[in-house]
Amino acid sequence: KIGSGLLDLNLNLDTLHSNLNSIWKRTLKKIKKYKIVVRLEPTNDLRVDAFLKCYSAMQKDKAFDGINPNLIRLLLEKKSSSFQVNFFVAEMTDEEGMTIELGTRVCVKHGNTATDFLLYINKEGKKYWASTALYWHAIEYYKDFDG
């Protein structure tokens, strides 16, 4: 199943939020309850290798081809002021105070457009709606992005 859509980031966040369907709104409330934190990670070899390892395992586990890891590495080499690859990481703290990484969303900013490119969510991330947390954080980040 393939889907596509555009989101006008010229709208303010309140308007963007009010335009969401009820499922999205309920999910965003759950994310706040779970205290999921999303941060932009440096795009270094360690982060890229960790992501590609998880993504490749997910490809095998779910039996899909996906994007070749070599393409991802080539894109990272093309970084410039008008072309960036960003890694957003979602995590939460469990009852014992341990940080649990839930997943990573990779977005590509090219010119005045940001494209949701790749996503890896582990079992805990799926349970706690990390995909939505990562997506909403990327929206907030690119909404305020100046270059």
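**Group meeting: a walk through a predicted model**

Hi everyone, let me start with one residue: arginine 47 is buried, with a relative accessible area of 11%. By buried I mean under 20% relative accessible area, with exposed over 50% and partly exposed in between, using a 1.4 Å probe and protein chains only.

Before going on, a word on the ground rules. This is a predicted model, where local features need pLDDT of at least 70 and side-chain atom pairs count only at pLDDT 80 or more, while totals for chains, interfaces and linings use all residues. Residues are numbered from 1 along each chain as its sequence is written, and side-chain values use heavy atoms, leaving out hydrogens and water.

Back to arginine 47, which lies in helix H3, residues 45-62. Helices here are DSSP runs of H or I with at least four residues, strands are runs of E with at least two, and both are numbered from the N terminus. What is arginine 47 in contact with, leaving aside its neighbours within four places in sequence? The list is Arg39, Glu41, Pro42, Phe87, Val89, Glu101 and Thr104; contact means heavy atoms within 4.5 Å.

Now let me zoom out. The protein has 6 helices and 4 strands, and from the N terminus on they run α-α-β-α-α-β-β-β-α-α. For the overall dimensions, a compact globule of 147 residues would have a radius of gyration near 15 Å, and the protein has 16 Å, which agrees. That radius is taken over C-alpha atoms, and the globule rule is 2.2 Å times the number of residues to the power 0.38. Along the principal axes, the C-alpha atoms fill a box of roughly 40 × 40 × 30 Å.

Of the 147 residues, 35% count as buried. If you take contacts between residues at least 6 apart in sequence, 58% of them join residues at least 24 apart. The accessible surface comes to about 9700 Å², and 52% of it belongs to carbon and sulfur atoms; these areas come from the Shrake-Rupley method with a 1.4 Å probe, and for residues only the protein chains shown count as cover.

On charges, there are 22 positive and 18 negative side chains, and the centres of the two sets lie 6 Å apart. Lys and Arg count as positive, Asp and Glu as negative, and His and the chain ends are not counted. Each charge is placed at NZ of Lys, CZ of Arg, CG of Asp or CD of Glu.

Next, a strand. Glycine 103 is found in strand S3, residues 99-110, and is buried, with a relative accessible area of 3%. Leaving aside neighbours within four places in sequence, glycine 103 is in contact with Phe88, Val89, Ala90, Tyr120, Ile121 and Leu134. Its C-alpha lies 14 Å from that of aspartate 49, with the two positions 54 residues apart in sequence numbering.

One of those partners, Leu134, is also among the buried residues of H6. The others buried there are Ala130, Thr132, Ala133, Trp136, Ala138, Ile139 and Tyr142. How does the length of H6 check out against 1.5 Å a residue? The 14 residues of H6, 130-143, should span 20 Å, and the end C-alpha atoms are 20 Å apart, which agrees. That expected span is 1.5 Å times one less than the number of residues.

Now the backbone. Most residues other than glycine have a negative phi. Tryptophan 129 has a positive phi of about 65°; it sits in the loop between helix H5 (123-127) and H6, partly exposed at 35% relative accessibility. Alanine 63 has a positive phi too, near 55°, and is found in the loop between H3 and helix H4 (69-77). Alanine 63 is exposed, with a relative accessible area of 68%.

Within H5 we find glutamate 124, partly exposed at 38%. Beyond its neighbours within four places in sequence, glutamate 124 is in contact with Ile100 and Leu102.

Last stop, glycine 5, in the segment before helix H1 (13-18). Buried or exposed? At 61% relative accessibility, glycine 5 counts as exposed, and its C-alpha is separated from that of leucine 46 by 32 Å. Thanks for listening!
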